[in-house]
Amino acid sequence: NYSLTFYNDSFTYSILNKEEFMLSKDFLDMLDLFSCAARGEIPERRAINVESVYQSALSHGVSELVFLSLDSLYKSNSITIDSALYKMMKMQTLYSISFDNRSKAVLQAVLQSLHTNGIECYVLKGYAAAANYENPDYRISNDIDLYAGNQDFDTILSVMAQMGFETQDLRGESHHSIFTRQDVKTIEIHQQLYNILPSREYFKNITLSEEFMRIKYSDSFSMNTLGVNDGLLFYTYHLMKHFIDCGVGVRQLMDLLLYVKKYTDSIDWKRYFDKLSDVKFDYFIKTCFRIGIQYLGFTEDIFNQVDGLYDISDSLAERLLEDFQDSGIYGKGNPHLTNFNRYYLKYRSSKNTNRETGCMQTKKQLFFPPKELLNKRYSYTVEHPYLLPVAWLHRIFDFTIALIHKERNINNYLKKPSARTANISVKKRLQLLEEMKMI
């Protein structure tokens, strides 16, 4: 008889309603409980609004880890929890872990079958990230990502079909194909790490330079994944991609920090920051490291080879964490920043756009938008820029068909932000990016 809505006003910040946005106590409590479970520490006794903290955890995709900390406090009589709420949280956690364990077992069978047929796939994120957590079974992701590169994809399709998966073969359209089965998580098998747009426009292309490595998740499960330095860049770029596209939550931040903690002595720090500096991500990542020290319990020695870490102000770290708080997992918490990447691409290369309003679309641009927006919607223009005129016509055709079928109104189709939204939400994010020297 106890239920919680996934998003509500207790933690979803409506940036239209107030200018200043502060770190809430519930979010900070959630952050500490999450960090303790991720790092294997016992949380301190305190007064906690359990329902609000748990809802915040849901919005960041870390509810299982937060429940682990709450359960520890509850069983030691350090906090009280409504019995119905406790049962609901426990049931949800057990269900998530049970489904995840089944998916993990199927993944092991998939990897073995692919190996038998001459295909070596490498685990990206997900279980590879969870292996760095003190409680890996509680770090739950939504799907499974594997990297196959340029290996025989027809063999992959055949193996997956034999194992009962339905296939969305997206070769030529996307960087991965999708395999679904009702009883387990969706599996995405990548031929490239990212789509063309982020790979080329955000990261100046991505190349792998190391041998893959084998890591241990548990006594019964080991897997291949990217080499130490390639993996570090991948976790970093994945965090950056979602931050630029719309927003990112604390789970992806923790994935990166735990990776750095585990491999800090093996990391080629010069190579890492040379690459980040080249794409203007170095201040952002240093600010993330400061968040790790200030809010997530990481010690300074982990980052002792990072130059200029203390050039980052406490205020900047707090405001970036506020952005994470607002965004939630994959930016779902703040719909006003959906498709923020078009602003990023525009302002990264131009000083002529009006940053005071954050509005970029003139009447002409509504139907003939800049190439950055067309590149996202019609990916064929990235490799073939001479097809931009075709993409403009394609856009007008799609819009006309949508209107005929009444699928969406003009503002939704064009994704034209209101002036008020742009003035506050977009402007605030742009000011943050400017201070981190990203634009």
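The exercises below, each with a worked solution, look at a sheet, two helices and one residue of this structure.

The model is predicted, so local features need pLDDT of at least 70 and side-chain atom pairs count only at pLDDT 80 or more, while totals for chains, interfaces and linings use all residues. Residues are numbered from 1 along each chain as its sequence is written, and side-chain values use heavy atoms, with hydrogens and water left out.

**Exercise 1. Work out the strand order of the open sheet and the way its strands pair.**

Step 1. Helices (H or I, at least four residues) and strands (E, at least two) are DSSP runs, numbered from the N terminus, and two strands pair if DSSP finds at least two bridges between them. With these terms, the open sheet has five strands in the order 1-2-5-4-3, and its pairing is mixed.

Step 2. Strand 1 (122-124) and strand 3 (166-168) stand at the edges with a single partner strand each, so one side of each has no neighbour in the sheet.

Step 3. Strand 1 and strand 2 run antiparallel and are joined by three bridges, and Tyr-122 has Tyr-147 in strand 2 as its bridge partner. Strand 2 and strand 5, in contrast, pair in the parallel sense over five bridges, with Leu-146 opposite Ile-189 in strand 5. Strand 3 and strand 4 (residues 176-180) form an antiparallel pair over three bridges, where Thr-167 is partnered by Phe-179 of strand 4.

**Exercise 2. Describe the surroundings of Ser-177.**

Step 1. Ser-177 lies in strand 4, and its relative accessible area is 1%. Buried means under 20% relative accessible area, exposed over 50% and partly exposed in between (1.4 Å probe, protein chains only), and Ser-177 is therefore buried.

Step 2. Contact means heavy atoms within 4.5 Å. Leaving out residues up to four places away in sequence, Ser-177 touches several residues, including Phe-153, Ile-187 and Ile-189.

Step 3. A polar contact is a pair of N or O atoms within 3.5 Å; within protein, one must be able to donate a hydrogen and the other to accept it, and residues adjacent in sequence count only if both atoms are side-chain atoms. The side chain of Ser-177 reaches the backbone nitrogen of Leu-170 at 3.0 Å.

**Exercise 3. Follow helix 6 from its N-terminal end and find what covers its buried residues.**

Step 1. At the N-terminal end, Asp-152 acts as a cap, with a side-chain oxygen 3.1 Å from the backbone nitrogen of Asp-154.

Step 2. The buried residues of helix 6 are Phe-153, Thr-155, Ile-156, Leu-157, Val-159 and Met-160, and what covers them includes helix 4 (83-116), strand 3, strand 4 and strand 5.

Step 3. Just after helix 6, Gly-164 takes a positive phi of about 85°.

**Exercise 4. Compare the span of helix 1 with its expected value, and find how many of its residues are buried.**

Step 1. The expected span of a helix is 1.5 Å times one less than its number of residues. For the 15 residues of helix 1 (residues 25-39) this should be 21 Å, and the end C-alpha atoms are 21 Å apart, which agrees.

Step 2. Twelve of the 15 residues are buried, so helix 1 is largely enclosed by the rest of the structure. Among them are Phe-27, Met-30 and Leu-31.

Step 3. The buried residues of helix 1 pack against helix 2 (50-59), helix 3 (63-75), helix 9 (250-263), helix 11 (282-295) and helix 12 (314-327).
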